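Notebook open, coffee on the desk. I want to look up how one sheet is put together and what packs on it, then check a helix pair.

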Amino acid sequence: MGSLFRSEEMALCQLFLQSEAAYACVSELGELGLVQFRDLNPDVNAFQRKFVNEVRRCDEMERKLRYLEKEIKKDGIPMLDTGESPEAPQPREMIDLEATFEKLENELREVNQNAEALKRNYLELTELKHILRKTQVFFDEQEGGLNHTTESMTRALITDEVRTAGASMGPVQLGFVAGVISREKLPAFERMLWRACRGNVFLRQAMIESPLEDPTNGDQVYKSVFIIFFQGDQLKTRVKKICEGFRATLYPCPEAPADRREMAMGVMTRIEDLNTVLGQTQDHRHRVLVAAAKNLKNWFVKVRKIKAIYHTLNLFNLDVTQKCLIAECWVPLLDFETIQLALRRGTERSGSSVPPILNRMQTFENPPTYNRTNKFTKAFQALIDAYGVASYREMNPAPYTIITFPFLFAVMFGDIGHGAIMALFGLWMIRKEKGLAAQKTDNEIWNIFFGGRYIIFLMGVFSMYTGLIYNDIFSKSLNIFGSHWHLSYNKSTVFNNKYLQLSPATSDYEGTPYPFGMDPIWQVATSNKIVFQNAYKMKISIIFGVLHMIFGVIMSWHNHTYFRNRLSLIYEFIPQLVFLLLLFFYMVLLMFIKWNRYAATNALPFTESCAPSILITFIDMVLFNKPKTPPKDCETVYMFWGQHFIQIVFVLIALGCIPVMLLGKPMKIMQARKLANVQPITGTDAEVGGMSNGGAGGGGGGHHDEEEMSEIFIHQGIHTIEYVLGSVSHTASYLRLWALSLAHAQLAEVLWTMVLSIGLRKEDWTGGIFLTVVFAFWAILTVGILVLMEGLSAFLHTLRLHWVEFQSKFYLGQGYAFQPFSFDSIIENGGASSGDAD
């Protein structure tokens, strides 16, 4: 069968490459993405391999590119991404790339250093400008100018002892320092000055209104100008040490007003010159980054491809002549010729005259599992692989999951309106997938939604279909064909009495079913609606569940026949299928018989009131109980002639299947080992193979030639108990289809009744405004709760039904994934190499 239903046939091959052609051949294989190389040097340290220097050079180039990328993003320059993937450069081109990156990095670092120095100079001049302006205000506060201010400050700083001896003391000359400090440090700075100098300094400060740019990191910092007056060299030294401790910057400030004005003019001139130089520096930096941004994506791709090639070459072995590289790899058999053509192209590109040799090897190893997927099947295959990668050549559940998964989801989520919202969201992602895929993001939730866009679309479409069957759209119904129920007496009596029920045996019912789905009259029924839907949805949940499990058991038959596991086919598949059919499928048949034979208009003994309970009938069947006396006016409790005898036979046969499943295979294995004188039995036929987990019987898990008999008996016993008890629990587990469907319908009805219907009660002009607000609130709750939360709940329950109830019947999931050396996956994963997968 095709690769859609089973994993690809794989072959272990040995590859011989001439040293000169190895790089080009591996490059072609990386573009192809169909070869998984094995590490032939597992005991060799990574730093002792042949091409470690080339890998280091690639790491260094990647570091330089990341530096360029960081600078480009810092300036907000868009990077050109054509979506094309350039070919891996030749080895000789590495030197040119290294020279280009070295030149760009050095130029950019030099420009950044110059810009930082200019910004630092600009910051100093700007702070000096503010100091000159603010201190001028300090000195000119009073009309007396500097002398009057100095005298007043001198009087403030003279101590009591000086005042006592003041008669013999002349005028006092004060010194001062001016500088700039961060505004947040100013209160602590002021307290420290007061305490360290014991109040013998005079501090004035003024805020700089506009923030100043820190040249180191580009942050905006708010600062303040201060000037400190003091007397004596001792206080001067102490003040400067405090300023140094608080990282305050001190600047020279002349005492004479004329000198300050002259210095201020010089500072303004230098600031204007610096602005010009800074603008030219920034323009040059911008031009360098814009030029680099055009090629940065392609450079990243080229460097990562080179690195991946050399990393893969490190997995190879050298022959004794040092002229040939030897590799071992897993390849799909269907692509054998394609791989040989790629190797031939690589040899021609390298100019080598020695053709590569690809030999198939015989091996007893379990090959990797490779399932071909496209953008549609990839998401469904991911659901299966999340449970476990299929064993080699095992039946793949993904093709069947494409239909069963959205359908079982829709049984729980059936609503035309909610399904339409989900389908439109999925369709939008599908239509815009190229643009959305190009906008790579780290938002994990969005990536999950986008990766499952086809699943979301199908779940929405199937939900619309089941919504039509339920005749449910936002908890309302569609009256397309007209109801087949008609009232023959007072309508007010029916509508006012919620416990009154209409009899289908009267003329109120036309006698023909609704053409498609459920009659809309059930939406107006109150207490009777939930009773009717309960019985309807409960029964279809059991029907779908039993059919789904039978299909899973039939899938195990395909595994047994493919792997020629005759023991599992006879002693597992047949009794499992018989057990499931005679008990649970028989229960499903009883439901159809009851629907077909019992109606309100039928004659006795098949009237509606005489219909027996399927659950009670099944319990009596398993317990060998005789049915109770039929109800009044009913002739029998049996649905057909000979029902009791047939049920006894079915239960006895089903019980007889249990010891067959429990002892059949282990006894045959033990018998075969005795006939072979307790020697390990080999061969392609798995008649003496051990049991397979879940009845799959293949994929490398069906042979237990070296296993102890006690372990085989224990494993078979566990498997039998799990299947027998699981058949009951799994059947009951499908009732979640009924439970979640009812919960979803009731939540939708609650939202309609308690939210939206309130907005429809106002009739004046305010009703439109009120309805708009209520509708917005209802829409948010509908999307948030009924679509997102209920959708996620139904999705998880559907996933569980497939993983546990369905796949456990045939799926081993004990393989390991095929991880080919592929440039596409390496670049998508950000440069992580997949070539070392063993």
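Entry 1, a strand pair. I started with β4 and found 6 bridges joining it to β7, residues 223-230, with the two strands running antiparallel. Note to self: this is a predicted model. I then picked out one bridge: phenylalanine 202 has phenylalanine 229 in β7 as its partner.

Entry 2, what packs on the sheet. I looked up helix α3, residues 93-139, and it packs on the sheet with contacts to β3 (175-182), β4, β7 and β8. Its direction makes about 55 degrees with that of β7. Next I took helix α6, residues 186-196, which also packs on the sheet and touches β3, β4 and β7. For α6 I noted an angle of about 10 degrees with the direction of β7.

Entry 3, the whole sheet. In what order do the 4 strands sit? I read off β4-β7-β3-β8, an open sheet with antiparallel pairing. The edges are β4 (202-207) and β8 (249-251), each pairing on one side only. I also jotted down the twist: neighbouring strands are turned by 25 degrees against each other on average, direction ignored.

Entry 4, a helix pair. I moved on to α23 (residues 736-759) and α24 (residues 766-806), whose axes come within 9 Å and cross at roughly 170 degrees. Angles over 145 degrees count as roughly antiparallel, so α23 is roughly antiparallel to α24. Last, I sorted the residues of the contact between α23 and α24: 19 are nonpolar, 6 polar and 3 charged.

Technical notes: Residues are numbered from 1 along each chain as its sequence is written. This is a predicted model: local features need pLDDT of at least 70, side-chain atom pairs count only at pLDDT 80 or more; totals for chains, interfaces and linings use all residues. Side-chain values use heavy atoms; hydrogens and water are left out. Two strands pair if DSSP finds at least two bridges between them. Axes are lines fitted to C-alpha atoms, for helices over the stretch in contact, and angles run from 0 to 180 degrees between N-to-C directions. Contact means heavy atoms within 4.5 Å. Angles under 35 degrees count as roughly parallel, over 145 as roughly antiparallel, 65 to 115 as roughly perpendicular and the rest as oblique. Ala, Val, Leu, Ile, Met, Phe, Trp, Tyr, Cys and Pro count as nonpolar, Asp, Glu, Lys and Arg as charged, and the others, Gly among them, as polar.
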